[in-house]
Amino acid sequence: MYLYSARLRTETSLKGYQQLWRALKEILNGLSAAINALHLVHPASAWIDPLLDRNALHNEQYPSKKARITIEDQRTASTDVHPQTWKSYIDIEKIENEFVLTSAEYLLSLAHVKWNKYRRKKDGKEHRSQALLGTQKAPLELVDLLIQTNSYDMAFTILLRFLKGSELKRGLERVFSAMSLKCCPHIVDSSRVGDDPREQVIGELLSFILTDIKCSMHVYPLIVAETLLRTDSQIELPLWLVKLFKDGRRGKTLGMTGQESNPALLFQLYVDYGRYREATNLLLEYIGSFASMRPSNLMNRKRPFGVWFPYTTIQRLWCQLEEMINSGHMVDQCKQLKDLLHGALLRHLQLVKADSEDALS
């Protein structure tokens, strides 16, 4: 079945198959059958030698079968003769990788987008790359094509299966940024008006991934929020996205960079993009929450507050409000925000002083 799928791939490539999706579907069926067959045998025997030579694929006769190796033989055999040392052997993992890549190619074909899996030599001839064995890292251009066709589930599958470390982080950032932009395409294209169902679907998918999947993706609410604000500084951030930042006060360890999705990051974004009212209200909310804690929580409430809202960011907000007032722009609103901020900070400093004196006594 694997040889059948490989030969079908070659025939399809050589003939320039018109209905590519039909051929890819048949290739997927062959790969699936090969995977299922290997799952039926002992793991030590779950490998094949496909003989991927072009002449062998075009030979009408089946290649001569290898002598079967029993489980007992494999147990007694040394590492020198273990089948894993053979360069031509293929196991379930490699076929599954090939299945995932072909599935991505199949989705693109349904959207009339073609991804050439083969690389070309300088002489223009096609050759079979390690992609056929599913061992190469998934190229980011494939992920970009999946993003263009809104195949986000498959894009995440490709990234998480084939990339690691910083490459995975960069790939995920690209997907989340693209999804964020797709949630508000009317901002990029002013000719579009009204609600688009596709925007709502992408927004729901984005909310599900960031809210419900408990993995290393929790750092990416910052990517999404920054992308939205960079596209339109006055856009209303979704409530579920704001809630993700506010839930950061629970002290969860989030993201591959060790950052937490906490209110300070949202406060920083508001200040950076001139959302002074939202920044002030967010700060006042947590100052009020801090002040309303019972005295028994004295030691618990000191430590996180200083981390959530650095004084340097608060100072920036204060200076920018003063600049707005001095320039005569939105004077009344900025004066009101400055008074609220000034009063809240005074009360907070008085509370900190009283708590410090209580702690010393």
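Colleague: How many disulfides does the structure hold?

Modeller: This is a predicted model, in which local features need pLDDT of at least 70 and side-chain atom pairs count only at pLDDT 80 or more, while totals for chains, interfaces and linings use all residues. Residues are numbered from 1 along each chain as its sequence is written, and side-chain values use heavy atoms, with hydrogens and water left out. A disulfide is a covalent bond between the sulfur atoms of two cysteines. With a disulfide taken as a pair of cysteine sulfur atoms within 2.5 Å, the number that the structure holds is zero.

Colleague: Does cysteine 334 count as buried or exposed?

Modeller: A residue is called buried under 20% relative accessible area, exposed over 50% and partly exposed in between (1.4 Å probe, protein chains only). Cysteine 319, with a relative accessible area of 32%, is therefore partly exposed. Cysteine 334 has a relative accessibility of 2%, and therefore counts as buried.

Colleague: How many helices and strands does the protein chain have?

Modeller: Helices (H or I, at least four residues) and strands (E, at least two) are DSSP runs, numbered from the N terminus. On that basis, the secondary structure of the protein chain comes to 17 helices and four strands.

Colleague: What percentage of the 361 residues in the protein chain is buried?

Modeller: The surface gives some background, since the protein chain exposes about 21,200 Å², of which carbon and sulfur atoms supply 53%. Such areas come from the Shrake-Rupley method with a 1.4 Å probe, and for residues only the protein chains shown count as cover. Of the 361 residues in the protein chain, the buried share is 39%.

Colleague: Which residues have the most contacts inside the largest nonpolar core?

Modeller: In soluble globular proteins, nonpolar side chains tend to be buried together. A nonpolar core is here a set of buried Ala, Val, Leu, Ile, Met, Phe, Trp, Tyr and Cys residues joined through side-chain atoms within 4.5 Å. The largest one has 64 residues, and those with the most contacts inside it are Ile158, Val175, Phe176, Leu237 and Phe267.

Colleague: How many residues does the other core have, the one that lies apart from the largest?

Modeller: Among its members are Leu28, Leu31, Ala34 and Ile35. The number of residues in this separate core is 14.

Colleague: Which residues of α16 are buried?

Modeller: Helix α16 covers residues 311-326, and its 16 residues reach 22 Å from first C-alpha to last, close to the 22 Å expected (1.5 Å times one less than the number of residues). On the face turned away from its buried side, α16 carries the exposed residues Tyr311, Glu323 and Asn326. The buried residues of α16 are Thr313, Ile314, Leu317, Gln320, Leu321, Met324 and Ile325.

Colleague: Within what arc do the buried residues of α16 fall, seen down the axis?

Modeller: An α-helix has 3.6 residues a turn, so residues three or four places apart point the same way. The arc is that of the directions from the helix axis to the C-beta atoms. The buried residues of α16 line one face of the helix because, seen down the axis, they fall within an arc of 140°.

Colleague: Which residues of α16 does phenylalanine 267 touch?

Modeller: Contact means heavy atoms within 4.5 Å, and what covers the buried residues of α16 includes α13 (263-272), α14 (276-291) and α17 (331-360). Leaving out residues up to four places away in sequence, phenylalanine 267 touches Ala279, Leu282, Leu283 and Phe309, as well as Thr313, Ile314 and Leu317.

Colleague: What is the phi of histidine 112, just after α5?

Modeller: Most residues other than glycine have a negative phi, and most peptide bonds are trans. Histidine 112 lies in the loop between α5 and β3 (119-120), and it is exposed because its relative accessible area is 77%. Its phi is a positive value in a residue other than glycine, and comes to about 60°.

Colleague: Which residues is serine 151 in contact with, leaving aside its neighbours within four places in sequence?

Modeller: Serine 151 is placed in the loop between α6 (140-148) and α7 (152-162), and it is buried because its relative accessible area is 13%. Asparagine 150 has its place in the loop between α6 and α7, and is partly exposed, with a relative accessible area of 34%. Neighbours within four places aside, serine 151 is in contact with Leu107 and Leu146.
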